[in-house]
Each structure stands twice: as structure tokens, then as C-alpha cells.
Amino acid sequence: MGFGAKFRELRESRGLSMAAADEAFGLTRGTCSNWENGFSEPEEELLEDIAGYFGVRLLDLTEEA
């Protein structure tokens, strides 16, 4: 499972819409959608914020499962 699928799973487990997730991380509209659909991935600094927000290890987000 890649980053996008992991992010989607975490986002949905929190009941966040994509728009709410974009807002929570200070992103432009559609950025989370691009991640979830595999068009892009966040910068490394933001990965740390995402891991902290969801209470998971950085490796949990970045390792292929």
C-alpha cells in the first residue's frame, strides 16, 4: 500500500473530507486528492506533520506494505 492509500485510510478514519484535510494541513484545494490518486506526494517536512497529526510513525506513512 502506497502513501496515497495510507493517507486516505487515515483521513477517513478521522471522518475528514478531502477539503477538511487540505485545510488542516494548509494546502491548496485538491492537494490531498492528488496524493490519494497517486499524482503527487507531500514534501518530507509535511510528512512529519501528517504523521504527528494522525499519531502514526513516519515509516508507517512512507514504507510500502
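A salt bridge is a side-chain nitrogen of Lys or Arg within 4 Å of a carboxyl oxygen of Asp or Glu. With that in hand, let's work through a few exercises on this predicted model.

**Exercise 1. Find which residues are linked in a network of salt bridges.**

Step 1. Begin with Arg8: its partner is Glu36, and their closest N and O atoms are 2.9 Å apart. That value fits the 4 Å cut-off.

Step 2. Now look at Arg11, which also pairs with Glu36, here with 2.5 Å between the closest N and O atoms.

Step 3. Arg11 has a salt bridge with Glu12 as well, where the closest N and O atoms are 3.8 Å apart.

Step 4. Put the pairs together: Arg8, Arg11, Glu12 and Glu36 make up the network. For the wider picture, the structure holds four salt bridges.

**Exercise 2. Work out which parts of the chain the pairs with Glu36 link.**

Step 1. Place the residues of the first pair: Arg8 belongs to helix 1 (residues 3-13), and Glu36 to helix 3 (residues 31-36). They are 28 residues apart, so this pair links distant parts of the chain.

Step 2. Do likewise for Arg11 in helix 1 and Glu36 in helix 3; this pair ties together parts that are 25 residues apart in sequence.

**Exercise 3. Decide for Arg8, Arg11 and Glu36: buried, partly exposed or exposed?**

Step 1. Recall the cut-offs: buried is under 20% relative accessible area, exposed is over 50%, and partly exposed lies in between.

Step 2. Arg8 has 31% relative accessibility, so Arg8 is partly exposed.

Step 3. Glu36 has a relative accessible area of 9%, so Glu36 is buried.

Step 4. Arg11, at 6%, is buried too.

**Exercise 4. Describe how helix 1 and helix 4 cross.**

Step 1. Two packed helices are described by the distance between their axes and the angle between them.

Step 2. For helix 1 and helix 4 (residues 44-54), the axes come within 11 Å and cross at roughly 35°. The crossing is left-handed.

Step 3. List who makes the contact: Phe3, Phe7, Leu10 and Arg11 from helix 1, with Leu47, Ile50 and Phe54 from helix 4.

Step 4. Sort these residues by type: six are nonpolar, none polar and one charged.

Terms used
Residues numbered from 1 in each chain as written. Predicted model: local features only at pLDDT ≥ 70, side-chain atom pairs only at ≥ 80, totals over all residues. Heavy atoms only, no water. Helix = DSSP H or I, 4+ residues; strand = E, 2+ residues; numbered from the N terminus. Buried < 20%, exposed > 50% of the residue type's maximum accessible area, 1.4 Å probe, protein only. Axes fitted to C-alpha atoms, helices over the stretch in contact; angles between N-to-C directions. Left-handed = near helix turned anticlockwise from the far one by under 90°. Contact = heavy atoms within 4.5 Å. Nonpolar A, V, L, I, M, F, W, Y, C, P; charged D, E, K, R; others polar.
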